[in-house]
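Colleague: I'm new to this structure and would like a close look at one part of it. Could you pick a stretch of helix, walk me through what surrounds it, and then show me how other parts of the chain compare in their details?

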Amino acid sequence: MIATQALHEAGQRLWLDSITRELLDSGRLEHYITDLFVTGLTSNPTLFDHAIRRSRDYDASIAREAANGLSPELLFFRVALEDLSRAAELFLPIHQRTRGQDGWVSLEVSPLLAFQQPELTVEQATMLHAEAGLPNLFVKIPGTPMGLRAIEEAIFAGVPVNVTLLFSTEQYLAAADAYMKGIERRLEAGESPEVPSVASLFISRWDKAVAGQVPESLRNRLGIAVGERTYRAYCELRESARVRRLVSEGASMQTLLWASTGTKDPTARDTLYVEALAAADTINTMPEPTLLAFADHGRVGPLLTREEWESDEVLEEFRTAGVELDGLATQLQREGADSFVKSWNSLMVCIAEKSEEVGAAHPDM
């Protein structure tokens with residue numbers, strides 16, 4: 001049994017954090033679903049920016065949509081939904097078999113809205129979900145202080161949400177609270193509480209942030225410790241009276257998702273975070289190289305449990321070493337938000353340039 005199958009059978013879902021047209025055209029995604037037990041997919045503006053810049057696969061689509069006079073933003077969403085619709089179709093049997101618990105793809109809202117205007121974020125999330133017309137599409141909204149309001153409103157509007165850009169236990173719990181508030185409001189309004197959500201906790205960026213600043217004994221241990229602590233909070237929340245009441249009313253519990261699980265340190269094991277954060281009732285979305293590495297030589301050991309207490313000792317060691325964890329979590333989220341905006345702006349420039357280039361090459365479109 002390969003490691004991806006063992007992890008799947010242990011109760012953790014494996015998603016792919018990658019999207020390109022070549023991935024779809026080559027049949028590689030279908031291979032990952034069939035042979036490597038991949039059951040979902042996430043995307044972000046950076047992935048699309050790289051995919052569109054590095055290939056001609058999108059030229060015809062861009063030329064067609066540019067001829068309709070669409071703005072770069074709307075043009076991008078049309079092109080992205082072409083890819084995600086194809087991916088969603090491949091995952092649809094899984095989505096149907098698991099009654100909506102798995103088989104999802106994700107599309108991110110514009111970060112220019114997400115960090116400034118919650119009302120417009122909800123409007124765009126609702127528009128994207130309606131335009132896609134896919135039963136298994138998550139709309140990604142950052143779990144920043146400004147984004148929490150948008151998450152609650154989007155859930156209340158019936159839009160499945162992938163909460164992204166979470167770094168700490170406290171940020172995760174705030175996102176879970178926003179999700180539950182949206183569900184509670186739906187119940188009060190007589191609406192169905194069946195609006196799924198996942199909460200994406202970023203792991204490896206913690207270790208990159210403190211690299212070279214802590215003793216060697218703490219190298220590449222901070223992200224895992226934060227993940228363990230958050231998993232314990234996740235398990236405790238699932239057993240709370242509030243969640244039990246919502247589940248009894250027909251709601252699904254928001255699922256914890258590990259993100260940023262590719263190893264940044266070239267001296268570390270390339271499957272480090274996947275192996276350390278093997279846990280039932282969670283999701284791990286990983287970049288393609290990490291997926292292939294784990295399938296090739298990954299190991300599935302003891303799973304995390306809510307009785308995992310080593311993380312508290314490890315986090316205390318980081319505090320003793322001078323790491324202010326709450327402040328670093330805020331910094332990482334802020335830096336992540338800035339990075340999302342830069343990626344988005346780069347993507348919009350790419351789309352505009354491609355539109356002009358392919359428009360000149362295909363004046364009849």
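Modeller: Sure, and one term comes up right away: a residue is called buried when its relative accessible area is under 20%, exposed when that area is over 50%, and partly exposed in between. Keep in mind too that this is a predicted model.

Let's start with Ala225, which sits in helix H12, the helix made of residues 222-238. Is Ala225 buried or exposed? Its relative accessibility is 2%, so Ala225 is buried. What does Ala225 touch once you ignore its neighbours within four places in sequence? The contacts are Ser311, Val314 and Leu315. For a sense of scale, take Pro145, 80 residues away from Ala225 along the chain: the C-alpha atoms of the two are 23 Å apart.

Just ahead of the helix you'll find Asn220, in the loop between helix H11 (204-210) and H12. Asn220 isn't a glycine, yet its phi is positive, near 60°. That stands out because most residues other than glycine have a negative phi. Asn220 also counts as buried, because its relative accessible area is 15%.

Now for the helix that packs against H12. Two packed helices are described by the angle between their axes and the distance between the axes. For H10 (residues 169-188) and H12, the axes come within 9 Å and cross at roughly 30°. The cut-off for roughly parallel is an angle under 35 degrees, so H10 counts as roughly parallel to H12. The crossing of H10 and H12 is right-handed. Which residues do the meeting? From H10 come Thr169, Glu170, Tyr172, Leu173, Ala176 and Met180, and they face Val226, Arg229, Thr230, Ala233, Tyr234 and Leu237 from H12. Sorted by class, that contact holds eight nonpolar, two polar and two charged residues.

H10 has another partner, helix H9 (residues 145-156), and here the axes come within 8 Å and again cross at roughly 30°. That angle makes H9 roughly parallel to H10. H9 passes H10 in a right-handed crossing too. On the H9 side, the residues in contact are Leu148, Ile151, Glu152, Glu153, Ile155 and Phe156. On the H10 side they are Ala174, Ala175, Ala178, Tyr179, Lys181, Gly182, Ile183, Arg185 and Arg186. By class, you get nine nonpolar, one polar and five charged residues in the contact of H9 with H10.

So that's the helix neighbourhood. For contrast, have a look at a strand. S1 covers residues 12-17, and five of its six residues are buried, which leaves the strand mostly covered. S1 pairs with S8 (residues 282-286): the two run parallel and are joined by five bridges. Within that pairing, Arg13 has Ile283 of S8 as its bridge partner. S1 also pairs with S2 (residues 38-42), once more in the parallel sense, over four bridges. There, Asp17 stands opposite Thr42 in S2. If you're following the side chains by eye, it helps to know that in a regular strand they alternate between the two faces of the sheet.

Right by S2 is Phe37, in the loop that links helix H3 (28-35) to S2. Like Asn220, Phe37 is a residue other than glycine with a positive phi, about 65° in the case of Phe37. Is Phe37 buried, exposed or partly exposed? Partly exposed, because its relative accessible area is 23%.

Two serines round off the tour. Ser61 belongs to helix H5 (residues 59-66), and a relative accessibility of 6% means that Ser61 counts as buried. Leaving out residues up to four places away in sequence, Ser61 touches Arg21, Val79 and Glu82. To link back to H12, the C-alpha atom of Ser61 is 43 Å from that of Glu228, which lies 167 residues away along the chain.

The other serine, Ser110, is in a loop, between strand S3 (105-108) and helix H7 (111-114). Ser110 is buried, because its relative accessibility is 0%. Where does Ser110 make its contacts, again not counting residues up to four places away in sequence? With Glu73, Phe77, Gln124 and Trp344.

Note on methods
Residues numbered from 1 in each chain as written. Predicted model: local features only at pLDDT ≥ 70, side-chain atom pairs only at ≥ 80, totals over all residues. Heavy atoms only, no water. Buried < 20%, exposed > 50% of the residue type's maximum accessible area, 1.4 Å probe, protein only. Contact = heavy atoms within 4.5 Å. Axes fitted to C-alpha atoms, helices over the stretch in contact; angles between N-to-C directions. Parallel < 35°, antiparallel > 145°, perpendicular 65-115°, else oblique. Left-handed = near helix turned anticlockwise from the far one by under 90°. Nonpolar A, V, L, I, M, F, W, Y, C, P; charged D, E, K, R; others polar. Pairing = 2+ DSSP bridges.
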